[in-house]
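Q: I'm new to protein structures and would like a close look at the disulfides in this one. Could you walk me through them slowly, and then say a little about the aromatic rings?

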Amino acid sequence: MARMAVSVLAILLASCALAAASFDDEFDITWGDGRGKITNNGQLLTLGLDKVSGSGFQSKHEYLFGKIDMQLKLVPGNSAGTVTAYYLSSQGPTHDEIDFEFLGNVTGEPYTLHTNVFTQGQGQREQQFRLWFDPTNDFHTYSILWNPKHIIFMVDDMPIRDFKNLEGKGIAFPKNQPMRLYSSLWNADDWATQGGRIKTDWSHAPFSASYRGFKADACVVTVGGRPRCGASVGTEVAPGTGAAGEWYNQELDLTRQQRMRWVQSNYMIYNYCTDPKRVAKGVPAECSM
């Protein structure tokens, strides 16, 4: 009977881990003077941008490894000049960071999905993609799987990038600095669309991006600074039952590696490892491994 009770508890905890968390409980809107809003009983968050200001939010928790899922619906229509950023980051000059950025475009032209990884303050590891759907028509899930061996970027569970831990080859990997989740909608028309040639058309303002379905199966950093694994954000784990999920040791199997290569072959439009300007100066070490 006791064993059955433990099994039931485990099932309940797993169910909690899969439930979307409330934005009211998990995030603070940190800037934008009312342009960021949480509605639908905490299940929907919207960010706004006009000529005066954009807006943004950050997680209440810090994470040290985890699988983070968020559903986004991006700015529709003429989004040129706008950037919707969704990323994990620590603080300070030697910060670590894991980036999704969505670069807007003129009506009828596709968004650019920009990804980057910073380690100890060093970035410039950009890979950019087109998406195989219109990200403004509906919500789509953008995921970061961060464990001690891999950082895997996913779109609707399709892997698009795998940044591997190559510390044994002298390449830094984010593993010691807890990170918060941030997102913002802001004007970057000096560079975001066609290298800054296309500027934001403010006649289409206010611009808006929407968020729902946040899930974090992660190691959450507690008040004492120690990571607590095994609980989805917003849930409590009974004493002695907490353990990191399958994501902690997850890597891409052969099938998912093939899917990632398919995305990269068909939808990648920029790779820092093959940029002729960078190749001439010497590519980063991980590019040759």
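A: Let's begin with Cys219 and Cys229, which are joined by a disulfide with their sulfur atoms 1.9 Å apart. Keep in mind that this is a predicted model, and that a pair of cysteine sulfur atoms counts as a disulfide here because the two atoms lie within 2.5 Å. The link between Cys219 and Cys229 is right-handed, with 105 degrees about the S-S bond. To find the two ends, look for strand E14 (residues 207–221), which holds Cys219, and strand E15 (residues 227–232), which holds Cys229. The two cysteines are ten residues apart, and their bond links distant parts of the chain.

Are these two ends buried or exposed? Cys219 has a relative accessibility of 2%, so this cysteine counts as buried. Its partner Cys229 is partly exposed, with a relative accessible area of 23%. The cut-off for buried is under 20%, which means that Cys229, at 23%, does not fall in that group.

Now turn to the other bond. Cys273 is joined to Cys287 by a disulfide, with 1.9 Å from S to S. This link is left-handed, with -75 degrees about the S-S bond between Cys273 and Cys287. Here, too, distant parts of the chain are linked: Cys273 sits in the loop between strand E16 (268–271) and helix H4 (276–281), while Cys287 lies in the segment after H4, 14 residues away. Cys273 counts as buried at 18% relative accessibility, whereas Cys287 is partly exposed at 21%.

How many disulfides does that make? The count comes to two. If you number the bonded cysteines of the protein chain in sequence order, the pairing reads 1-2, 3-4.

Finally, the aromatic rings. A search of the whole structure finds 19 aromatic pairs. One of them is formed by Trp132 and Phe133, with 5.7 Å from centre to centre and 90 degrees between the planes. Planes over 60 degrees apart count as edge-to-face, so the pair of Trp132 and Phe133 belongs to that type. Trp132 is partly exposed, with a relative accessible area of 29%, and Phe133 counts as buried at 18% relative accessibility.

For one more place to explore, pick out Phe23, Phe27, Phe57, Tyr211 and Phe214, which ring pairs link into a cluster.

Notes:
Residues are numbered from 1 along each chain as its sequence is written. This is a predicted model: local features need pLDDT of at least 70, side-chain atom pairs count only at pLDDT 80 or more; totals for chains, interfaces and linings use all residues. Side-chain values use heavy atoms; hydrogens and water are left out. Rings of Phe, Tyr and Trp (its six-membered ring) pair if their centres lie within 6.5 Å; planes under 30 degrees apart count as stacked, over 60 as edge-to-face and the rest as tilted. Buried means under 20% relative accessible area, exposed over 50%, partly exposed in between (1.4 Å probe, protein chains only). Helices (H or I, at least four residues) and strands (E, at least two) are DSSP runs, numbered from the N terminus.
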